[in-house]
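Visitor: Please take me closely through chain B, with its partner chain as the background. I should like the terms and their cut-offs to be stated along the way.

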Amino acid sequence: MERCLTELETRPQDSQQLVGEIFRAVHTIKGTTGFLGFSRLEKLAHAGEHLLGSLRDGRLPVTGELISGLLRLLDGLRAILNLIEETGSEGPREGEEDTLLITELAMLNGEQGPHETEEKAAPVVSIKQQEEAPTPAAAAAEPGIAAANAQTSSSSSGDKTLRIDVEVLNRMMNLVGELVLTRNQMLQSGVESTNFPELARRLDSVTADLRETVMQARMQPVGNLFGKFPRMVRDLARTCGREVRIEFSGQETGLDKSLLEAIKDPLTHAVRNAVDHGIEAPADRVLAGKPAEGCLRLRAFHQSGSVVIEVADDGAGIAMERVLAKAVERGLVTPDQAKEMSEREALQLIFLPGFSTAAAVTTVSGRGVGMDVVRANVEKVGGSVELESKVGVGTTLRLRVPLTLAIVPALVVRSGGQSFALPQTALVELVYIPARDKEKVVERVGASEVYRLRERLLPMVWLDRLLSLKTETEAHGFYMAVLEAEGCRYGLVVDDLLAPEEIVVKPLSAVLREIGLFSGATVLGNGTLALILDIAATAARAGVKPVMEEQADETVALHQDEASFLVFEDRARERTALPLGVVERIESVPISKIEYASGRALLQYRGELLQLRDDGHVLDDMYDLQDEEASVTILICGDPQTTSSRMGIVVRKVLDVSDGNMLEKDAANGEMDLALVNERLTTIFRGFAGELGKSWREVA
Amino acid sequence: MKIVGQASEQMHEEAESASLCSMFAGQETFGIDTGKIREVLGKRELERVPMAPAFVAGVVPYRGDVLTTVNFRALLGLPENTETGCVLVLDDDSGGQERFGLMVDGVGGVVTVQQRMLEANPCTLDSKCKWLFDGAYKMENGLLIQLDPQKLRPSRLAETGMFRNGGAGESA
């Protein structure tokens with residue numbers, strides 16, 4: 001019914017059918033409640049029916065106020081229905097609200113004429129001429145009446161019940177039957193019997209099928225979640241004085257029920273943000289040359305094993321300077337860093353917790369309230385959040401969630417004689433530290449221990465100490481799992497790594513949940529139990545904070561990368577440079593490994609065919625040496641964003657890495673890309689994917 | 001608690017006799033209504049839960065669930081047993097929502113007792129035990145202390161706060 005009402009507002013031309021539908025729903029409620037003796041409900045429903053009757057007969061036009069009134073009626077009805085569900089009676093309170101609502105409805109009905117003229121200032125919905133339409137009897141009878149009614153009354157218990165395709169249920173039953181038969185055979189034949197391996201295989205396949213079927217049954221269309229947005233957006237748009245149209249696509253995309261619940265709040269938040277801050281006021285939109293009505297698009301689709309839910313608006317976008325200014329003001333980044341930040345990095349700032357407090361960026365630039373909460377919630381279920389924004393064009397927020405929660409890939413580790421599972425999603429990399437190196441690599445800053453990982457200090461957390469487990473005698477060394485969750489990055493030290501496994505998450509009892517460090521438990525392949533470590537909670541317990549400085553460090557490093565050059569020699573006596581950002585690796589390759597196809601030099605590199613550029617004719621010189629064992633230095637270059645356009649550059653010698661400044665192109669230096677690196681003239685390597693060159697040139 | 005009341009009413013009706021499963025912890029013998037016991041798992045190695053309250057012995061897999069297991073010795077304040085204990089699975093009356101395990105030293109058998117043999121806790125008993133025990137049956141070969149599984153529920157134990165650091169240093 002709610003859907004019908006909002007639809008009615010957006011598509012007044014279809015009103016005949018829709019009003020008919022709503023009318024019938026309200027009528028059914030009225031009839032049923034009258035029959036069951038809920039007089040309060042009946043009275044309310046009657047008032048609504050009366051109003052709808054006028055609407056249906058074409059005596060009233062469809063207006064925003066009218067719809068609002070009807071929606072309030074719906075809320076009133078729902079409140080009473082909930083009350084009935086809880087207490088079994090509609091409550092003795094012959095509330096003022098009811099009378100108020102009834103009078104309001106009556107006013108909308110009777111005094112529509114003068115009321116309308118007074119309220120003309122609110123032109124939210126174009127007043128369509130209802131009169132145009134002929135006044136036929138109710139439109140084609142639809143079987144939706146009972147459903148609409150049932151939906152209204154069962155909305156609150158909807159969280160606990162699930163509608164499943166009968167076919168899926170049948171298939172499940174069949175598989176269970178098969179499972180029982182296989183079990184019987186196994187019990188009868190025993191382990192020694194010859195056909196045991198075959199039975200085990202069958203058990204395996206039946207289990208896999210059953211698992212798949214159950215998963216399928218748990219899948220719910222995302223549309224169920226989208227369903228509540230039209231109403232919310234409508235109400236919100238009215239309070240914020242916006243005009244918003246909402247569009248959906250991919251409602252049928254399936255998502256695990258528990259995940260659907262988990263992303264409900266983040267998604268609601270995102271939608272609210274988009275309406276509140278993303279889409280501008282109608283007047284501003286017109287000024288910007290856009291239609292007064294903003295458009296909010298909700299899209300769901302599958303992408304490489306996960307479900308992506310996109311909230312896109314065509315609003316003002318996020319003003320980068322404002323975000324940066326705010327970040328500097330809040331001390332999240334230094335002014336220098338801010339200056340060097342790319343758009344993408346600046347957008348990431350929005351997810352920092354410091355940005356979420358009230359009176360932050362929201363008032364000036366748009367988004368930001370609780371974006372860190374959105375991210376935390378989505379990450380909790382193993383998903384991720386991306387944000388894209390173009391000033392004046394709009395903002396797109398992408399929530400990426402796994403298909404299912406119940407089974408997650410995890411790495412099983414051992415510490416203090418116990419097994420723990422670390423979700424793979426949080427795992428960045430693994431470092432092995434041999435016992436003899438321990439003293440060398442574990443450094444101390446005050447009381448805390450850190451590890452130097454690629455010239456960045458990583459706080460180390462000893463799992464056995466954190467959980468006060470018995471420390472085992474270090475035999476060979478230990479492993480450090482580099483974990484990242486909710487912006488925290490730390491190294492978790494464990495005694496040993498076991499196999500990666502797909503684990504089935506089992507909830508823990510309330511008492512154990514209270515500990516706050518474990519998100520569940522699982523039964524491992526060998527039959528023992530392992531606790532699943534909550535990565536973010538562990539970080540919090542160990543005192544690892546989502547440090548801004550750390551991230552700032554990273555960005556600084558990145559910027560230095562972009563502004564610095566790798567200087568090498570390809571043509572004899574000439575210095576050439578490449579921005580460091582595009583150089584992935586420097587490889588030394590035996591000359592015999594280089595192959596030729598139709599005159600071009602190629603290198604097989606990590607299962608990929610790499611084209612080689614040899615501007616300095618290094619290869620020819622090498623062949624002249626007649627040395628089979630000789631090797632050349634090749635720079636493996638690639639666009640850091642897309643891995644597709646990799647290529648190799650053959651060089652004589654790598655000279656240096658240092659910062660440099662681009663020289664202005666002018667006639668004097670013959671339109672060449674020149675730069676001063678270390679006060680020496682250096683040519684910038686040309687011909688590397690043009691776009692790339694442009695992007696770094698801007699930085700340089 | 002409502003259901004416990006019903007159960008005791010039933011006992012009155014059914015010739016005032018009840019069947020208890022006897023179990024041992026330390027020097028004493030305890031009994032739990034057989035109707036509340038779902039299964040006796042026998043000796044089991046438990047997976048310990050670090051940082052858990054002292055009365056939690058660990059977790060044990062049971063029919064696809066992970067059961068929190070209460071260490072009965074810890075409740076009594078006895079030192080930790082060197083041998084592995086026996087695990088019983090107890091059913092919660094509220095629709096199996098909170099099934100849990102109980103670890104004791106050993107499990108005896110089913111004993112039929114007469115309701116009139118039950119005697120209330122002695123007034124000298126310390127408060128923890130007074131709360132845990134439901135009185136004792138005077139059997140021929142000693143006393144059998146009746147336990148109420150409802151009170152042994154981990155969440156209930158946590159609520160009381162009495163056993164948070166109860167007994168010997170259990171948390172490993």
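Guide: The account below begins with the basis of the model, dwells on the part requested and then turns to the partner chain.

This is a predicted model, in which local features need pLDDT of at least 70 and side-chain atom pairs count only at pLDDT 80 or more, while totals for chains, interfaces and linings use all residues. Residues are numbered from 1 along each chain as its sequence is written, and chains are lettered from A and ligands numbered from 1 in the order in which they are written.

The model scores ipTM 0.76 and pTM 0.49. For chain B the mean pLDDT (the predictor's confidence in each residue, from 0 to 100) is 78, with 81% of residues at 70 or more. Within this chain, confidence is highest in strand β7 (residues 100–104), at a mean of 89, and lowest in helix α1 (residues 2–13), at 51. Over residues 166–172 of chain B, pLDDT stays under 50, and the model has 26 contacts beyond four places in sequence for that stretch; two residues are in contact if their C-beta atoms, placed from the backbone, lie within 7 Å. Where pLDDT is low, the predicted coordinates should not be read in detail.

Chain B holds five helices and eleven strands. These elements are DSSP runs numbered from the N terminus, helices being H or I over at least four residues and strands E over at least two. Of the 172 residues of the chain, 33% count as buried: a residue is buried if 20 or more other C-beta atoms lie within 10 Å of its own, exposed if 12 or fewer, and partly exposed in between, the C-beta atoms being placed from the backbone. Among contacts in chain B with a separation of 6 or more, 61% join residues 24 or more positions apart.

B:Glu28 belongs to strand β2 (residues 28–33) of chain B. B:Glu28 counts as partly exposed because it has 16 C-beta neighbours inside 10 Å. Its C-alpha atom lies 7.7 Å from that of B:Leu144, although the two residues are 116 positions apart along the chain.

Chain B also contains an open sheet of five strands in the order β3-β6-β7-β5-β4, with mixed pairing. Its edge strands, each pairing on one side only, are β3 (37–43) and β4 (56–62) of chain B. Two strands pair if DSSP finds at least two bridges between them. On average, neighbouring strands of this sheet are turned by 30° against each other, direction ignored; axes are lines fitted to C-alpha atoms, for helices over the stretch in contact, and angles run from 0 to 180 degrees between N-to-C directions. Five bridges join β3(B) to strand β6 (residues 86–90) of chain B in the antiparallel sense, and B:Ile37 has B:Leu90 of β6(B) as its bridge partner.

At the interface, 19 residues of chain B are in contact with 18 residues of chain A. On the chain B side, β4, β5 (65–71) and α5 (154–160) each give two or more residues. By class, this side has 13 nonpolar, two polar and four charged residues, where Ala, Val, Leu, Ile, Met, Phe, Trp, Tyr, Cys and Pro count as nonpolar, Asp, Glu, Lys and Arg as charged, and the others, Gly among them, as polar.

The partner, chain A, has an open sheet of five strands as well, ordered β2-β4-β5-β7-β6 and with mixed pairing. Strands β2 (244–249) and β6 (384–390) of chain A form its edges, each pairing on one side only. Its neighbouring strands are turned by 15° against each other on average, direction ignored. Strands β4 (residues 294–303) and β5 (residues 306–313) of chain A run antiparallel and are joined by eight bridges; A:Phe301 has its bridge partner in β5(A), namely A:Val308. Helix α11 (residues 229–240) of chain A lies across β2 and β4 of chain A, at about 160° to β2(A).

In helix α14 (residues 320–329) of chain A, A:Val323, A:Leu324, A:Lys326 and A:Ala327 are buried. Seen down the axis of α14(A), these buried residues fall within an arc of 160°, so they line one face of the helix; the arc is that of the directions from the helix axis to the C-beta atoms. A:Glu321 and A:Glu329 are exposed on the other side of α14(A). After α14(A) comes A:Gly331, with a positive phi near 75°.
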